[in-house]
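Biologist: I've got this model open and would like a close look at one small part of it, then a walk outwards from there.

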There are 2 protein chains.
Amino acid sequence: MPGQPDLPDPAHADVDSMLSRKFGREVANYFSGSPLNRVSFLRADHGFISKAITHPSTSFLLLNDLAPLTSDPSHLAYANHDDVRKLIGNNPFEKTEQEMISAYNSSITLPLVLFLGLDETKKDGFEHGIYSGTPFFAIDVTPKGSVEKEAQSVIEEMKKRGLAFAEGRLNMTLNAPEAAIFAQARALTDWNARNPFCGGCGQPTLSINAGTKRVCPPTDIASLPTVQGGATTTEATPRQREACVTRKGISNLSFPRTDPTVIMAVVSHDGKRVLLGRQKRWPPHWYSTLAGFCEPAESVEEAVRREVWEESGVLLGRVVIHSTQPWPYPANLMIGAIGQALPDGEKIHLEHDPELEDAKWVEIDEIEEALRVGTSGLGEAAGSEYKEGGLRLPPATAIANQLLRAVVGGFLDAGETSKI
Amino acid sequence: MPGQPDLPDPAHADVDSMLSRKFGREVANYFSGSPLNRVSFLRADHGFISKAITHPSTSFLLLNDLAPLTSDPSHLAYANHDDVRKLIGNNPFEKTEQEMISAYNSSITLPLVLFLGLDETKKDGFEHGIYSGTPFFAIDVTPKGSVEKEAQSVIEEMKKRGLAFAEGRLNMTLNAPEAAIFAQARALTDWNARNPFCGGCGQPTLSINAGTKRVCPPTDIASLPTVQGGATTTEATPRQREACVTRKGISNLSFPRTDPTVIMAVVSHDGKRVLLGRQKRWPPHWYSTLAGFCEPAESVEEAVRREVWEESGVLLGRVVIHSTQPWPYPANLMIGAIGQALPDGEKIHLEHDPELEDAKWVEIDEIEEALRVGTSGLGEAAGSEYKEGGLRLPPATAIANQLLRAVVGGFLDAGETSKI
């Protein structure tokens, strides 16, 4: 359990376990490793969530059009309850979920208030039964709908304090634990903003479960909107809405969407070379591992083989999953694997699915050197030791880098000694 | 690449590779291992798909309310182009995708026609450039909308031939390669049926990319539907629809949804016991591994630790991913892992998230015995050697069974010798 007090960091400290002896240390990729305990089962607990949101120790991460509030490029900044009260009210969880659904009014904008979890290492006085720690929430302060002015006012107050909403998707400068907090906040805020309507019936939906579920209410206090837009008026009694399948039993449409993707370091049959590819829009000499979306009814291992064949023509035998990385742009789960080419399957053919500008086999030594001197983010310069013309690779925050590091570090050998 | 001709089965034949020597044989779980090459890059190729659907060798798998057409409980049955022409027309891909979008008419029901892939081992004369094999499609014959009668007529013709639409979610009796074909057809048919409206704007959507993408067309030939339903009439010129964010760039809302889930065999710190749990609705003595949904911005390893702690109170150190299984009910990707408890983290506590009726540590020997005599589907009886009161476990078609088999078979040891 991440953030559990008085325990070694599960990803790193317990290397004396059987699984660690056999598989080596666990790689905790950037955007994972959150210090928060999500206590997901408490999200629908009216008493808990009402107490947490009004507690003086509670930290609120603000997102403006998905950009998080920061104090500097490495650190998030947090607001407190007083700062956000004008936007979200004293307690947006005052009503039970059933009462919220019954009172649903599609003409009123309810700003998203998302419970992220408890930081159990910080004991600032918040307790609820056996659970304690500092509660963390995220709030969508994007100015819109009926709360546009209130949101704008919160944003301006934060800017007056010298804080900034950090924009830019690939600017991965946050410290690792806060990067994981931001990833959770961004992924769920985006999902809510992206899905204001029900895919099953087309009617507007309501956020419940403290930001982690959207339901299609059976009634609406707002009168019927005209289909081409325009003003709506409110009525005294809720009208019945059209029937919707998502109201019967459990529907995945009510829950956040995460898109599994595969990303793979492919080694030649003899283990001496690695397959890399590049897209046309990348800087010169910049290559990475192959990657793609996992399709419905495909195992990860099959998706790895399909994507490698479609993009490069290379045929794989055994595929082994190495580690995973959440990627909140907008909702990917990157599943990193190592695959080995079949003896007669190493010929490169780029014309099946012409996604790549180039793919090539690279000697392990060259990968090792590039991991040392040629890594950087896509928009950044390589390090000072890099020589123009040499191979460039993604930075250590990318799982592609970690997969290549694993191959160079002896993942394919019986031993686990790392060379880098 | 699955189904590639003249190649060993990648999952099993190439055990002499480095990855196989280090990690053992790859487990190909039930519902994976499709014999079809999806050639996903050809789905939007107008010429290819038109030629494939009208070819005399093409096989059509029919789904009625998601139940597949079968000849017996172990085998799918297929229709041919003549059988389905009355429902889908001679060639539903006659127009290009751009023409289909421009001609969009929300008052006309277009039955879902889904391209599954090519069976490259069957050479019945279909060729397109360097690609050849028997094309496979799935068709949703559920009677509905403006094609209700035509669909009913196709269904009745199939029943006259003695074929049956096999219902029942857990009836996993299909042979493995066809189970994978069915899984692909079911997952994508369900996704299309479940998402007739755009989550971004609430307007009805159109299936393109041969059943693997849904777009929100900018115009509609049908006149405005009244919001409470009722008859619609058609007009001579398409009307503009409301703006929608999914029309700008690429949106994940246009693509099929797959929900990553985690399922894990948890071993005690000394490796001698395994943690099992049971739900109240299961038969007596029936247990399985713990499982749950992966949340947004969580690595698989973190999701495994969170779910185990939430459901059982047990704290895990190292987590290693073992294999994966597509699960088309409706759209899960099950990611199977082995986790090891921390030395002081083995105490069971069921009251965090009270999903389980019971959880307990079971000696490896008892698991081994139950894998031999006590496995069955949830609704079925255990084998003849089973003694009442003994542990019961899921069948070999479930990844839970394969994970337990891996633990018993020496996954935790340096060696790879299987005991069962």
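Biologist: Between which two helices of chain A is the loop that holds A:Val39?

Modeller: A:Val39 sits in the loop between helix H1 (18-23) and helix H2 (46-53) of chain A. Helices here are DSSP runs of H or I with at least four residues, strands are runs of E with at least two, and both are numbered from the N terminus. Before going on, the bookkeeping: residues count from 1 along each chain as its sequence is written, while chains are lettered from A and ligands numbered from 1 in the order in which they are written. This is a predicted model, with local features needing pLDDT of at least 70 and side-chain atom pairs pLDDT 80 or more, though totals for chains, interfaces and linings use all residues, and side-chain values use heavy atoms, with hydrogens and water left out.

Back to A:Val39. Its phi is near 30°, a positive value in a residue other than glycine. Most residues other than glycine have a negative phi, and most peptide bonds are trans. A:Val39 counts as buried because its relative accessible area is 0%; with a 1.4 Å probe and protein chains only, buried means under 20%, exposed over 50%, and partly exposed in between.

Chain B has a positive phi to look at as well: B:Ala210, near 55° and again not a glycine. That one is in the loop between E9 and strand E10 (213-215) of chain B, and B:Ala210 is buried, since its relative accessibility is 2%. On the loop between H6 and strand E9 (206-208) you'll find B:Thr205, buried at 10% relative accessibility. The side chains of B:Thr205 and B:Arg214 are joined by a polar contact of 3.0 Å. (A polar contact is a pair of N or O atoms within 3.5 Å; within protein, one must be able to donate a hydrogen and the other to accept it, and sequence neighbours count only if both atoms are side-chain atoms.) Among the other residues that B:Thr205 touches are B:Tyr104, B:Phe197, B:Cys198 and B:Cys216, leaving aside anything up to four places away in sequence; touching, or contact, means heavy atoms within 4.5 Å.

As for backbone oddities of the other kind, the peptide bond from A:Tyr329 to A:Pro330 is cis, with omega near -5°, and A:Pro330 lies in the loop between strand E16 (316-327) and E17 of chain A. In chain B the bond from B:Tyr329 to B:Pro330 is also cis, with omega near -5°, and B:Pro330 is in the loop between E16 and E17 of that chain.

Now zoom out to chain A. An automatic or database assignment sets the bounds: domain 1 (31-254) and domain 2 (259-408). Their centres, taken over C-alpha atoms, are 36 Å apart. Eleven residues of domain 1 meet seven of domain 2. The two domains of chain A bury about 1000 Å² between them, 68% of it on carbon and sulfur atoms; buried area is the accessible area (1.4 Å probe) that two parts lose on being put together, summed over both. There are zero salt bridges between these domains, a salt bridge being a side-chain nitrogen of Lys or Arg within 4 Å of a carboxyl oxygen of Asp or Glu.

Finally, the chain-chain interface. Here 103 residues of chain B meet 104 residues of chain A, burying about 8800 Å² between them, 59% of it on carbon and sulfur atoms. On the chain B side, B:Leu19, B:Arg257 and B:Arg318 lose the most area to chain A, together 9% of what that side buries. Nine salt bridges are counted between the chains. One salt bridge pairs B:Arg305 with A:Glu26, whose closest N and O atoms are 3.0 Å apart. There are also 48 residue pairs in polar contact across the interface, both at pLDDT 80 or more. Several elements of chain B supply at least two residues each to the side touching chain A, including helix H1 (18-23), helix H7 (300-312) and strand E16 (316-327). The largest share, ten residues, comes from E16(B).
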